[in-house]
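Please find below a report on the packing of one protein chain, covering its nonpolar cores, a helix pair and a strand residue.

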Amino acid sequence: SRSDFSSCFYIQTSDIGKISDIFDFAKNDNKKVSFRSGGRSYGDNTLNKENIVINYKSEKNIFSFDENKGEIVVSGSCTIKNLLNYTIPRGWMLHVSPASQYISIAGAVSNNVHGKNCVSKGYFGDYVDSFEIITPKKGIIKCTEKENSELFFSTISGLGAFGLIIKATLRLRKIKTILVDTQTQFVKNIDDAMYKTTQLIKNHEYNIGSLNFSRYNNKILSGNIYSSNFSEKINISNFNGNASFLIYFVNFLLLINNLPLCDKVIEFLLSKMTSGKKVDKKIVQNYYQMNFLGDKFLPLYNYFFRNGFIEYQVIFDKNDYLKAINEIEYLLQANNYSSYMSSFKAYKASNSKYLFGLEKNGFCITLDIPFEKGKKFQYFVRKLNEITIKYNGQVYLGKTPCINNEEFKTMYKNYPEFKKLKIYYDPNFLLVSEMTNRLFSDFYNHKC
């Protein structure tokens with residue numbers, strides 16, 4: 001999101017033996033360590049001011065693949081794109097994928113990512129059979145639901161706080177095609193989006209809404225819901241995960257504008273471009289076009305903002321959703337903030353065993369808010385979090401870098417369990433990032 005920066009000691013290695021050496025060095029030199037992989041989180045997950053950031057890049061992405069069972073062993077540094085390039089020609093793909101193909105498997109596990117089929121297929125961690133993780137105290141540990149199960153369920157959604165994921169075994173789904181039938185339905189407001197999505201998820205696996213929520217209109221107006229199922233047409237071809245030159249050219253034109261004097265007009269056009277026109281239609285597209293919308297149409301999106309942006313993704317139970325959104329709308333208007341691109345999606349609660357899982361059966365709103373330095377912005381995000389807490393919502397931690405310790409403990413209930421496991425697997429508190437410093441500040445400040 002380009003809204004925060006740190007000067008760190010950055011180390012990239014493909015030698016797993018060096019990880020333990022770095023842990024020892026950090027302990028002796030009073031340094032802390034964080035992990036970076038795909039670098040696609042929108043917050044301060046991997047920042048570590050004046051401390052060490054490790055980027056482990058395995059020399060191999062794919063270790064083994066059982067084509068009969070659909071079971072694949074991949075490195076933690078393997079990206080979604082690496083994996084799909086290998087599996088799709090063989091007729092297999094992920095059950096759940098986030099909206100960027102450049103996310104690493106380790107990042108997907110640590111943030112327990114989800115996709116446009118959250119209601120029907122759940123979360124990334126639901127399809128992880130095992131993984132190997134290297135921890136500061138215990139070295140390399142193999143984790144499954146039955147073997148080291150506490151660490152297994154805590155590493156999934158655990159934000160990289162316990163160790164580095166070296167490799168993982170994933171269950172894939174068998175496919176006959178990469179084509180999807182997508183239905184577009186116009187929605188006139190957020191109430192309409194809720195109603196239509198509730199109907200569409202009954203018969204469509206993938207559902208995502210793009211809404212017009214800009215300062216130009218001062219409230220949510222229209223948008224589209226895109227609902228998809230795999231096509232009946234057999235088509236297994238190579239996975240093409242690249243945006244075209246024309247798309248990059250259009251993005252570059254938006255970039256050189258840099259949202260100067262005409263920022264409200266460009267903001268409105270961006271919002272309209274993603275929310276679409278008043279049209280209901282059906283199209284056939286490939287999986288890449290459907291699932292990786294940002295990679296396909298807005299590959300330079302994070303460069304459009306002069307000072308970066310904050311993505312605020314919040315999930316509410318369906319009974320509280322509209323009341324909460326109305327208050328968020330009013331707060332944006334009152335403080336003259338806007339969202340340049342806003343998405344809408346249905347959710348189901350994740351497995352309760354996950355340490356920092358999302359617990360809501362409802363809907364999310366995702367706001368991309370231009371970052372402005374100063375106390376006003378801090379006041380604004382505190383008020384946003386007050387609304388989230390008031391309506392028992394949760395922010396998604398991999399995308400939202402503006403939650404403090406007290407707010408976090410109110411939204412996520414497993415803090416005591418985290419403390420116990422952290423002391424056991426990392427008693428010297430070597431694994432620390434600016435994100436975990438922010439979320440766990442009372443615990444860390446007491447121990448460090």
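The text below describes this predicted model, beginning with the nonpolar cores.

The largest nonpolar core holds 107 residues, and the members that touch the most others are Leu83, Leu84, Ile105, Phe124, Leu170 and Phe418. Helix H11, residues 321-335, supplies the largest share of this core, namely six residues. Another core, of 14 residues, lies apart from it and includes Ile22, Tyr56, Leu164 and Ile166. Within the largest core, Ile105 can be followed in detail: leaving aside residues up to four places away in sequence, Ile105 touches Val74, Ser75, Gly76, Cys78, Ile80, Leu83, Phe124, Ala168 and Leu170.

H11 also packs against helix H12, residues 375-390, at an angle of about 170 degrees and with the two axes 10 Å apart. Because angles over 145 degrees count as roughly antiparallel, H11 is roughly antiparallel to H12, and the crossing is right-handed. The residues in this contact divide into eight nonpolar, one polar and four charged, and they are listed by helix in the table.

| Helix | Residues in the contact |
|---|---|
| H11 | Ala324, Glu327, Ile328, Leu331, Leu332, Asn335 |
| H12 | Lys376, Tyr379, Phe380, Lys383, Leu384, Ile387, Lys390 |

Elsewhere, Leu179 belongs to strand E10, residues 179-187. Is Leu179 buried or exposed? Leu179 has a relative accessible area of 17% and is therefore buried, since the cut-off for that class is under 20%. Not counting residues up to four places away in sequence, Leu179 touches Phe230, Ser231, Lys233, Asn235, Val284, Gln285 and Asn286. The C-alpha atoms of Leu179 and Tyr288 are separated by 9.0 Å, although these residues are 109 residues apart along the chain.

Methods
Residues are numbered from 1 along each chain as its sequence is written. This is a predicted model: local features need pLDDT of at least 70, side-chain atom pairs count only at pLDDT 80 or more; totals for chains, interfaces and linings use all residues. Side-chain values use heavy atoms; hydrogens and water are left out. A nonpolar core is a set of buried Ala, Val, Leu, Ile, Met, Phe, Trp, Tyr and Cys residues joined through side-chain atoms within 4.5 Å. Buried means under 20% relative accessible area, exposed over 50%, partly exposed in between (1.4 Å probe, protein chains only). Helices (H or I, at least four residues) and strands (E, at least two) are DSSP runs, numbered from the N terminus. Contact means heavy atoms within 4.5 Å. Axes are lines fitted to C-alpha atoms, for helices over the stretch in contact, and angles run from 0 to 180 degrees between N-to-C directions. Angles under 35 degrees count as roughly parallel, over 145 as roughly antiparallel, 65 to 115 as roughly perpendicular and the rest as oblique. A crossing is left-handed if the near helix is turned anticlockwise from the far one by less than a right angle, and right-handed if clockwise. Ala, Val, Leu, Ile, Met, Phe, Trp, Tyr, Cys and Pro count as nonpolar, Asp, Glu, Lys and Arg as charged, and the others, Gly among them, as polar.
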